[in-house]
Amino acid sequence: MKRKTSKKKMQAKLKESKEWFKTNRHQNMVELIDRLRRSLNGYYNYYCITDNTNNVAKFVREIVKQFFKWMNRRSQRKSFTWEKFHLLLRKFPLPKPKVKVNIYDLRDHISYIL
């Protein structure tokens, strides 16, 4: 049986992130990226288990799209193209999702419960 993030929970977190980007888009760019890194690390710590990496990667792609969208709404004209945005992310990289808990390795340790 595969484990994955509930669609409802993921949509709720994306909506919450959208509102956060909307209200904080005028802050310093470095502070925004730092806050985004901490938020993503927390998300990874909770949701990155063995079978859920595809959904976590999908979540990260959506967050990056939202970040790009709201950074372009900081002024009357577009601040970023995708090329410039990727240069920014190369300079200030976001953490990559990694499996934090391999549930198949845990089976040996908790076999008395199963």
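This passage walks through the overall fold, the largest pocket, the salt bridges and one tryptophan.

The model is a predicted one, and its makeup is easy to take in: the protein has five helices and zero strands. Read from the N terminus, the order is simply α-α-α-α-α. The chain has 114 residues, and 32% of them count as buried. As for the surface, about 8,400 Å² is exposed, with carbon and sulfur atoms supplying 52% of that area. Parts of the chain that sit well apart in sequence do meet: among contacts between residues at least 6 apart, 75% join residues at least 24 apart.

Next comes the largest pocket, which holds about 190 Å³ of space. Three helices each give at least two residues to its lining, namely helix 1 (7–24), helix 2 (29–47) and helix 3 (53–71). Helix 1 provides the largest share, with five residues. Sorted by class, the lining has six nonpolar, two polar and three charged residues. Among the lining residues are Trp 20, Phe 21, Leu 36, Phe 59 and Ile 63, along with Lys 13, Glu 16 and Arg 35.

Two of those names come up again in the salt bridges. Side chains of opposite charge can pair when their charged atoms come close. The structure holds three such salt bridges. In helix 1, Glu 16 pairs with Lys 13, and their closest N and O atoms are 3.4 Å apart. These two residues are three apart in sequence, or about one turn of the helix. Lys 13 has a relative accessibility of 24%, so this residue counts as partly exposed.

Helix 2 has a pair of its own, Asp 34 and Arg 38, four residues apart. Here the closest N and O atoms lie 3.8 Å from each other. Asp 34 is partly exposed at 36%, whereas Arg 38, at 53%, counts as exposed. Helix 3 carries Glu 62 and Lys 65, which are three residues apart and meet in a salt bridge with an N to O distance of 3.5 Å. Both partners are partly exposed, Glu 62 at 30% and Lys 65 at 47%.

Lys 65 also links this part of the story to helix 4 (residues 82–91), where Trp 82 lies. Leaving aside residues up to four places away in sequence, Trp 82 touches Val 64, Lys 65 and Phe 68. Trp 82 and Lys 65 are 17 residues apart along the chain, and their C-alpha atoms are 9.9 Å apart in space. Even with these contacts, Trp 82 keeps a relative accessible area of 37%, so this residue counts as partly exposed.

Methods. Residues are numbered from 1 along each chain as its sequence is written. This is a predicted model: local features need pLDDT of at least 70, side-chain atom pairs count only at pLDDT 80 or more; totals for chains, interfaces and linings use all residues. Side-chain values use heavy atoms; hydrogens and water are left out. Buried means under 20% relative accessible area, exposed over 50%, partly exposed in between (1.4 Å probe, protein chains only). Contact means heavy atoms within 4.5 Å. Accessible areas come from the Shrake-Rupley method with a 1.4 Å probe; for residues, only the protein chains shown count as cover. On a 1 Å grid over the protein atoms alone, a cavity is a set of points where a 1.4 Å probe fits but cannot get out, and a pocket is an open set with protein on both sides within 12 Å along at least five of seven lines; lining residues have an atom within 4 Å of a point. Grid points are joined across faces, edges and corners, and a volume is the space filled by probe spheres set on the points. Ala, Val, Leu, Ile, Met, Phe, Trp, Tyr, Cys and Pro count as nonpolar, Asp, Glu, Lys and Arg as charged, and the others, Gly among them, as polar. A salt bridge is a side-chain nitrogen of Lys or Arg within 4 Å of a carboxyl oxygen of Asp or Glu.
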